[in-house]
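I opened the notebook to look this structure up piece by piece. The entries are short and go from the whole chain to single residues.

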Amino acid sequence: MVLSAVQSGVKELREVAAEAELQRSHYGRQTLLFVDEIHRFSKTGQDALLPHVERGVFILCGATTENPSFALTAALLSRCLLLRFEPHDDEALRNIAMRALSDAQRGLGAQALALADDGAAALVLAASGDARRCLGLLEIAAERATSRGQGTIEQADVQAAAEGSVWGHDRRGDQHYALASAFIKSLRGSDADAAVYWMVRMLEAGQEPRFVVRRMVIFASEDVGNADPQALAVATNAQRAFEFLGMPEASFALTQAAIYLALAPKSNTALTAYANARRLMKEHGQLPVPPKLRNASSTVAKVLGHGAGYQYPHDFAGAYVAESYMPQALEGAQIVVHAHQNGFEQELESRRRK
């Protein structure tokens, strides 16, 4: 039996289960249920499958282009064997194309077309491991070659068929996260070439540019920080340029920012400092603000000693006086740690008062 999750719901599942139960109990036949686009089933639909799968009413086989870890419920996924289909390699795509050209019943064999070597290479490149894309492009290229009165599909035919086609990408699935991860890791690894490549891959595939520039703004503080304080300004200026110019003109500003961030000295001090402060907060709870650091803004506050003993730094040479500003329980705790002192952090560390 075959169901499409796009067109079916709980009602159809119940009907299939009833028929499968009948086949099993009366005729001793085991039913194989194939559900196409199984990720399209809602949580309720997926939950409706569980009792029938557990009782063996039917053998469930589901197909999905999404990451099952995200698209399927944990309960259903735990009862399934996961098989991952990898993209076709170049040789497999060539074989698929040649078989389509030779099959007169289901393919293009009746047209007696040949595929030139450069046409095959262009087809494999454009297909990017996808057999359906390969066959679709082959069909369009064949029509172009036939319209020109040619019996051979050339490179130009394939390139014309692929022109304007959309690169494989999704905004929330595996491809989205894979490309974004490659982009960030290239920036972090100071590889400007790779960073620009992955960024362009995302943008040309239709990724929202605001997402890309947002990631760069985050990166400027998380992975560069005060090692190069200008990095945050570059990233935020790229964001402003995008909002002002739009695409495709803003692509140059985004590329400029990506190159700058990739080649900037790296530091995750902002990340670790925030984490250290958060850890101390969780370990010690809500420690009271020392009285000397409180504002004596009322008579009651003055009676309670708020502000008493506070030393105003501008009353001292260099606008500095040795003082503790931490809660008493945390005196001496160091939150900001310049582990590597890269770039401008060397200057900042030299300014720290011991």
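The entries below record what I looked up.

**Entry 1: the whole chain**

I noted before anything else that this is a predicted model. I then looked up the secondary structure and found 16 helices and five strands in the protein chain. Next came the radius of gyration, which is 31 Å. The globule rule gives 20 Å for 354 residues, so the chain is more spread out than a compact globule. I also took the spans of the C-alpha trace along its principal axes, about 95 × 60 × 35 Å.

**Entry 2: burial, contacts, surface**

I asked what share of the 354 residues counts as buried. The value is 34%. For contacts, I kept those with a separation of 6 or more; residues 24 or more positions apart account for 65% of them. The exposed area of the protein chain is about 21800 Å². Carbon and sulfur atoms supply 54% of that area.

**Entry 3: charges**

I looked up the charged side chains and found 36 positive and 40 negative ones. The centres of the two sets lie 9 Å apart.

**Entry 4: aromatic rings**

How many aromatic pairs does the rule give? The count comes to one. The partners are tyrosine 197 and tryptophan 198, and their geometry is edge-to-face. I noted 4.9 Å centre to centre and 70 degrees between the planes. The angle is over 60 degrees, the cut-off for edge-to-face, so the label follows. I then looked up accessibility for both residues. Tyrosine 197 is partly exposed at 45%. Tryptophan 198 is partly exposed too, at 24%.

**Entry 5: backbone exceptions**

I kept one reminder here: most residues other than glycine have a negative phi, and most peptide bonds are trans. With that in mind I looked for departures.

The peptide bond from methionine 247 to proline 248 is cis, with omega near 10 degrees. Proline 248 lies in the loop between helix H12 (230-245) and helix H13 (251-263).

Glutamate 37 has a positive phi, near 55 degrees. I placed glutamate 37 in the loop between strand S2 (31-36) and helix H2 (43-55). Its relative accessibility is 23%, which counts as partly exposed.

Alanine 319 is not a glycine either, yet its phi is positive at about 55 degrees. The loop in question runs between helix H15 (299-303) and helix H16 (345-351). Alanine 319 is partly exposed, at 36% relative accessibility.

**Entry 6: leucine 76**

Is leucine 76 buried or exposed? I found a relative accessible area of 0%, so leucine 76 is buried. Leucine 76 sits in helix H4 (residues 74-77). I set aside residues up to four places away in sequence and listed what leucine 76 touches: Ile38, Gln46, Leu49, Leu50 and Leu60. For leucine 50 I also took the C-alpha separation from leucine 76, which is 6.3 Å across 26 residues of chain.

**Entry 7: threonine 269**

Threonine 269 belongs to helix H14 (residues 269-284). The relative accessible area of threonine 269 is 8%; the cut-off for buried is under 20%, so threonine 269 counts as buried. Leaving aside neighbours within four places in sequence, threonine 269 is in contact with Val336, Val337, His338 and Glu345. I also checked valine 224, which is 45 residues from threonine 269 along the chain. Their C-alpha atoms are separated by 8.4 Å.

**Entry 8: two long distances**

I started from valine 53 in helix H2. Valine 53 counts as buried at 18% relative accessibility. Not counting residues up to four places away in sequence, valine 53 touches Phe58, Leu60 and Arg79. How far apart in space are valine 53 and alanine 317? I read 78 Å, C-alpha to C-alpha, with their positions 264 residues apart in sequence.

Then I turned to arginine 148, in the loop between helix H7 (131-147) and strand S5 (152-153). Arginine 148 is partly exposed, with a relative accessible area of 37%. Beyond residues up to four places away in sequence, arginine 148 touches Glu154 and Asp157. The C-alpha atoms of arginine 148 and alanine 275 are separated by 66 Å, and the two residues are 127 apart along the chain.

Key
Residues numbered from 1 in each chain as written. Predicted model: local features only at pLDDT ≥ 70, side-chain atom pairs only at ≥ 80, totals over all residues. Heavy atoms only, no water. Helix = DSSP H or I, 4+ residues; strand = E, 2+ residues; numbered from the N terminus. Rg over C-alpha atoms; globule rule 2.2 N^0.38 Å. Buried < 20%, exposed > 50% of the residue type's maximum accessible area, 1.4 Å probe, protein only. Contact = heavy atoms within 4.5 Å. Areas by Shrake-Rupley, 256 points an atom, 1.4 Å probe, with all protein chains shown as cover. Lys, Arg positive; Asp, Glu negative; His and termini not counted. Charge placed at Lys NZ, Arg CZ, Asp CG, Glu CD. Phe/Tyr/Trp six-rings, centres within 6.5 Å; stacked < 30°, edge-to-face > 60°.
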